[in-house]
Amino acid sequence: MKCRKISLLLAVSAAILIFIQIYQMLFFERYLRTLPGVTSDTSFAPPHTHDAKQQKETLPTVNVLYALSGNHTGLLSELEVALKSLLMNLPMQSNLHVHIMADKYGYNGLDEIFQRTEIQTWKTRKPVTIRTYNVQPNVEKWQREVIMALEPLGISTAHTFGTFFRLFFHDVIGADDDIEQVLYMDPDVVLMSNIESLFTGPTDPNILFQWGESQCAGFLLLNVRKQNQILSLAKGIDFGKLIKTPLIKGPPHDQFILKAINLTYPEKVGFIPREWDISIADGIWRDKKVFVEKHPEIGMIHFNGGWESKNAPFFQNHPFIVEDVHKKTTGLANYYVNMPWTWAKYFAKNQIDTGEEGYALQVNHGYYEKGGDDNDGNNNITTNSF
């Protein structure tokens, strides 16, 4: 009899404990539902997990543009370093599309780079696509347009005509491409940080382009949808009169045109942060002993070509690379010069989120192969992926 009473008492006690636990769970769930970010169907899930993932996926694609004219080894070597610095500073939340416009010589030179670096075997944390454009059929037509815009000056021979390619990016992208902005970079620009912040701020749709206070066309954020207005406005500028004034200097190339637009239509030009306007030609050599103090934050370094020869890559005997006084500042660009491609590939792979497979890097070599005076706007798009 006594044993039965004890058993009954234990059963009642267990039932009471179970009831208390159920009540606590229900009360705790009801409490969680009152917290911001917690809904009835995800009460015990981390708040905003799904929303945060969706937000990351909806950030705009970052578009980057390079231009090549000729296949000199120095130029191609610079592009290789520039591309490596870009791929090692990939956007954290945006897809990346890299566009390379080239004449027939530069276009053919890209084959060897893609094959040797095996860049098509990379895996990245966000989708990356590299497109190449053989713009040779367009060159004569574009030359005529530039000559008309620069009358009566003509085109400077200080640079190849490739310096003007950036002004015609809107001519070669596909009809289905919806690109609002593209960041043009010279091949001798080395990135020291990822460029995503340049694309995340609000943009004025009336601005044609943005550049640094130094007005260097080697690092240029272009409004693709309004890009055709640049040469249209240039045709209305009296360059013959303007070049006789101290307001604008330099040979008549693309930067000359952009400076004239900046001077004549300042409301159509914007400016990027100082951290993205670090150019050797802008006299930063004066800061060599106090470089970090003058530039506590830095996003890029523009080396403005080779030092002793315009055909040499910037990293060959350039004092801002090799001299001891620069080795801890601009000389750090050597990190990307010397980094083996296999190491860079491993670096990119290790940026992939834990548990994720990453994305295979896509190389579409020969994306655009039509142009010239008979171009009807329906570009011949091919996809010759490696």
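Modeller: Buried, in what follows, means under 20% relative accessible area, with exposed over 50% and partly exposed in between (1.4 Å probe, protein chains only). This is a predicted model in which local features need pLDDT of at least 70 and side-chain atom pairs count only at pLDDT 80 or more, whereas totals for chains, interfaces and linings use all residues. Residues are numbered from 1 along each chain as its sequence is written, and side-chain values use heavy atoms, with hydrogens and water left out.

Colleague: What percentage of the residues in the protein chain is buried?

Modeller: The protein chain has 386 residues. Its secondary structure comprises 14 helices and 12 strands, taken as DSSP runs (helices H or I, at least four residues; strands E, at least two) numbered from the N terminus. The buried share of the residues is 46%.

Colleague: What is the mean pLDDT of the protein chain?

Modeller: The pLDDT is the predictor's confidence in each residue, from 0 to 100. A value of 70 or more is reached by 76% of the residues. Over residues 37-56 the pLDDT is below 50, and it is also below 50 over residues 372-383. The mean for the chain is 82.

Colleague: Which helix gives the most residues to the largest nonpolar core?

Modeller: A nonpolar core is a set of buried Ala, Val, Leu, Ile, Met, Phe, Trp, Tyr and Cys residues joined through side-chain atoms within 4.5 Å. The largest such core holds 55 residues, of which Tyr66, Leu87, Ile119, Ile195 and Phe219 touch the most other members. With seven residues, the greatest contribution to this core comes from helix α3.

Colleague: How many residues are in the second core?

Modeller: This second core is separate from the largest one, and its members include Phe165, Leu167, Leu231 and Leu233. Its number of residues is 42.

Colleague: Why do the buried residues of α5 line one face of the helix, and within what arc do they fall?

Modeller: Helix α5 covers residues 139-150; its expected span (1.5 Å times one less than its number of residues) is 16 Å, and its end C-alpha atoms are 16 Å apart, which agrees. Its buried residues are Val139, Lys141, Trp142, Val146, Ala149 and Leu150. They line one face because, seen down the helix axis, they fall within an arc, taken from the directions from the axis to the C-beta atoms, of 165°.

Colleague: Is phenylalanine 303 buried or exposed?

Modeller: Phenylalanine 303 lies in the loop between β10 and α12. Leaving aside neighbours within four places in sequence, its contacts (heavy atoms within 4.5 Å) include Asp188, Ile280, Phe314 and Ala333. Because its relative accessibility is 1%, phenylalanine 303 counts as buried.

Colleague: With which side chain does the side chain of asparagine 63 make a polar contact?

Modeller: Asparagine 63 lies in strand β1 and is buried, with a relative accessible area of 5%. A polar contact is a pair of N or O atoms within 3.5 Å; within protein, one must be able to donate a hydrogen and the other to accept it, and residues adjacent in sequence count only if both atoms are side-chain atoms. At 2.8 Å, the partner of asparagine 63 is histidine 99.

Colleague: The backbone oxygen of which residue does the side chain of threonine 117 reach?

Modeller: Threonine 117 is found in helix α4 and is buried, at 9% relative accessible area. Beyond four places in sequence, threonine 117 touches Glu80 and Trp341. The backbone oxygen that its side chain reaches, at 2.7 Å, belongs to isoleucine 113.
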